[in-house]
Amino acid sequence: MAKEIIKRGGVRAPFKPEKIKHSIQKACKDIHVPAARTKKIVSKVSASVLRFARTRKTAIKTSVIRQKILLGLKKEEPMVAKAWLKYDKRRRARRKKK
């Protein structure tokens, strides 16, 4: 399992699977997906991303993780994929202001 991620600026940080789950939950919440459906979406998409992470012995770029999440969301629930992109865009904008 990859123990680190590589952020855009090349900075390395610990790999935290809960961040993947939280971002998917947030996107589901933003478009008012029912709790039971949210749980299924989070479980299915995060499991796919984590399976990929387990195959990696080196650090993973955040851009690759982002692509894997979006691919899973587009297959599972396209509207949540759109909400996730919107959430990601807002999060990036806030970070640029700092």
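User: Which helix is the place of Ser-23 in?

Analyst: Helices are DSSP runs (H or I, at least four residues), and strands are runs of E (at least two); both are numbered from the N terminus. Ser-23 has its place in helix α1, residues 17-30. This is a predicted model, in which local features need pLDDT of at least 70 and side-chain atom pairs count only at pLDDT 80 or more, while totals for chains, interfaces and linings use all residues. Residues are numbered from 1 along each chain as its sequence is written, and side-chain values use heavy atoms, with hydrogens and water left out.

User: Is Ser-23 buried or exposed?

Analyst: A residue is called buried under 20% relative accessible area, exposed over 50%, and partly exposed in between (1.4 Å probe, protein chains only). Ser-23 has a relative accessible area of 9%, so Ser-23 is buried.

User: What is Ser-23 in contact with, leaving aside its neighbours within four places in sequence?

Analyst: Contact means heavy atoms within 4.5 Å. With those neighbours set aside, Ser-23 is in contact with Ile-69, Trp-84 and Tyr-87.

User: What does Ala-27 touch, not counting residues up to four places away in sequence?

Analyst: Ala-27 also has its place in helix α1. Its relative accessible area is 0%, so Ala-27 is buried. Not counting residues up to four places away in sequence, Ala-27 touches Val-80, Ala-83 and Trp-84. Distance along the chain and distance in space can be read side by side here: Ala-27 and Lys-86 are 59 residues apart along the chain, and their C-alpha atoms are separated by 8.2 Å.

User: Why does Thr-38 count as buried?

Analyst: Thr-38 counts as buried because its relative accessibility is 13%. Thr-38 lies in helix α2, residues 35-54. It touches Gln-25, Cys-28 and Val-33, not counting residues up to four places away in sequence.

User: How many salt bridges does the structure hold?

Analyst: Side chains of opposite charge can pair when their charged atoms come close. A salt bridge is a side-chain nitrogen of Lys or Arg within 4 Å of a carboxyl oxygen of Asp or Glu. The structure holds 9 of them. One of them joins the side chains of Asp-30 and Arg-90, at 2.9 Å from N to O. This pair links distant parts of the chain, with Asp-30 in helix α1 and Arg-90 in helix α4, 60 residues apart. Asp-30 is partly exposed at 29% relative accessible area, and Arg-90 is partly exposed at 33%.

User: Which residues are joined into one network by salt bridges that share partners?

Analyst: Begin with the pairs. The side chains of Arg-37 and Glu-76 meet in a salt bridge of 3.2 Å, N to O. That pair links distant parts of the chain: Arg-37 is in helix α2 and Glu-76 in helix α3 (residues 62-76), 39 residues apart. Arg-37 counts as partly exposed at 28% relative accessibility, whereas Glu-76 counts as buried at 19%. Glu-76 also forms a salt bridge with Lys-44, the closest N and O atoms being 3.2 Å apart. Here Glu-76 in helix α3 and Lys-44 in helix α2 are 32 residues apart. Lys-44 is exposed, with a relative accessible area of 52%. Salt bridges that share partners join Arg-37, Lys-44, Glu-76 and Glu-77 into one network.
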